[in-house]
Structures are given as structure tokens and as C-alpha cells.
Amino acid sequence: MNERTDLPSLLPPVDVIEDASGITLYADLPGVSKDRLNLEVSGDTLIIEGEMDLSVPDGMDGTHAEVGLPRYRRVFTLSKELDTGKLDAEMKQGVLKLHIQRAEHAKPRRIAVQGG
Amino acid sequence: MDYSLFPRDVFGELDRLQRQVHQVFELSPSIRGFARGGFPALNVGATGNSAEIYAFAPGLEADSINVTLERGVLSISGERRAGTPADGKASLHINERFAGRFHRVITLSDDLDPGGVTARYNNGVLHVSIRRNAASQPRRINVT
């Protein structure tokens, strides 16, 4: 992993939404297939990495490029109330949807009051 | 150093500063994925007998993308809906992804064959391949 992290990469745009169930993250990773996506959680760090896989015809000369690098990388720091064991990821047409559940102890709950 | 035309023009100074910062970032090529040109980002290439256009437009349905080619002008348009909920229960922490209607136009050479276009949408990248006109390719003429 370490040699890959040194490579220059694009910073993918993301949306992050939080509701009672947890956090949902959407990341734009056009050109990245499910197989070339790498998600890593270590401690409270989330790493999103992806390599593009474009089928470019043989002998093509590039004349104009707005996307100049073939890989994406972005790192987030997660908070303690998120349960990294309950993480769902889905990749569809270059968009990653990642849902991380809130840990049970951090969910809002009602405390029963005992009467005597 | 390039100074503003009016030294006390604060906005001009800010503009200049912003451009300088931008140039520093440009040294490492396009670190911000889609800073230039808008949505979708376009890469264009050419081979001996075709023009190849790649539009980085993730999260769409293939049949909702409009692609037209008219007199060497390629137009790509469509709409990307916001995936973010509108109700008040969820809070939006980061909102960087493009949402809304888009339209990009690119002028290509005029020796392209409008009948030889293929467009494929895969992993959020639209790849349009346009064949060059048979008339502009070298050919042998038979003498009878």
C-alpha cells in the first residue's frame, strides 16, 4: 500500500449526509470499476482509493485532458460514535455509496424510569 | 509581479491572489478533479481514423444522456439529480458533488463521419468514438 500512497492522485468530490441511522457518503469516482476500488478502515481513518480503467484505443494521442491522473484518493477521519464494523459499500456507474452505521451506544434511546 | 491597474482595487487584488494560488496548485496537475471546464470533465484524443472523447459523468443512466453531433460539433447534455435528501431530519456535512442540468459542447475537426459514431457509458465514463470520413482517407482509384 505504501508505494501507492505516494503517487499523485485526484481528490474525488463527495457528499456526506448524516441521519439517525448513521452517515452516508457519496463519492464521484468515474472510470473506477468495483474491482479497482479499495476501501480501508484502520482505527478511525477511512481511506478511499480507486484506479481508473479506461479502454483507450491503440495509438491514440491525447489532444485535451481535464482529467490528468488515472487514480483517486481521499482520506477521512471517522468519529467514535460510528461503528466501522457496520459498513455497506455500493459502486454504481462510478459513484461510491458508503453507509456507516452509528454505534449502538451512540443511538438515541429512551431510559425507563422505575417507580417505587 | 503584475499589479492591478488600480492599486486600491481590493477585488482586483483578491483576484490576482486567487490566480497565483491557483497556479501553485496547477504545478501538480489538476489535483482538484473537476476544477476546470465544469461537469462533465472531458478528455479528447485522436487516432489515425477516429476521434475519441471521454466524458467523466458518474451516476447517470445511459439512456438519459443526450449526445448529438452536428457539423463537427459534439454536444453532451443531461441532468444529474442531487442524491441528498430534502427532509429536515438529515444533515448535510459536505456537499461537493455536481447536481443539476449540464451541457458541454466541443468542436472537433470537420472530417468526421456522422454515421460512424458509437457512444458507450461504462463505470460513469461516457466514451464517444467518431470515425473519420472515408472521403478524407487515402484511397486507390481504378483506371479503366
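**Exercise 1.** Which residue in β1(B) is the bridge partner of Gly62(A)?

*Solution.* Keep in mind from the start that this is a predicted model. Begin with the two strands concerned: β5(A) pairs with strand β1 of chain B, which covers residues 41-47, and the pairing is antiparallel, with four bridges. Then look for Gly62(A), whose bridge partner in β1(B) is Gly45(B).

**Exercise 2.** Find the order of the strands in the open sheet that contains β5(A), and explain why one side of each edge strand has no neighbour there.

*Solution.* Strands of a sheet pair through backbone hydrogen bonds, in either a parallel or an antiparallel way. Here five strands follow one another in the order β5(A)-β1(B)-β2(B)-β8(B)-β7(B), and their pairing is antiparallel. At the edges stand β5 of chain A and β7 (112-122) of chain B, and because each has a single partner strand, one side of each is left without a neighbour in the sheet. With direction ignored, neighbouring strands of this sheet are turned by 20 degrees against each other on average. For one pair inside this order, take β2 (residues 50-56) and β8 (residues 125-132), both of chain B, which are joined in the antiparallel sense by seven bridges; Ala51(B) stands opposite Ile130(B) in β8(B).

**Exercise 3.** Describe the contact between the two chains, beginning with how many residues each gives.

*Solution.* Chain A contributes 35 residues and chain B contributes 39 residues. On the side of chain A that touches chain B, the elements giving two or more residues are β1 (14-19), β2 (22-28) and β5 (61-65), and β1(A) gives the most, with six residues. Sorted by class, this side of chain A has 20 nonpolar, nine polar and six charged residues.

Methods:
Residues are numbered from 1 along each chain as its sequence is written. Chains are lettered from A and ligands numbered from 1 in the order in which they are written. This is a predicted model: local features need pLDDT of at least 70, side-chain atom pairs count only at pLDDT 80 or more; totals for chains, interfaces and linings use all residues. Two residues are in contact if their C-beta atoms, placed from the backbone, lie within 7 Å. Ala, Val, Leu, Ile, Met, Phe, Trp, Tyr, Cys and Pro count as nonpolar, Asp, Glu, Lys and Arg as charged, and the others, Gly among them, as polar. Two strands pair if DSSP finds at least two bridges between them. Axes are lines fitted to C-alpha atoms, for helices over the stretch in contact, and angles run from 0 to 180 degrees between N-to-C directions.
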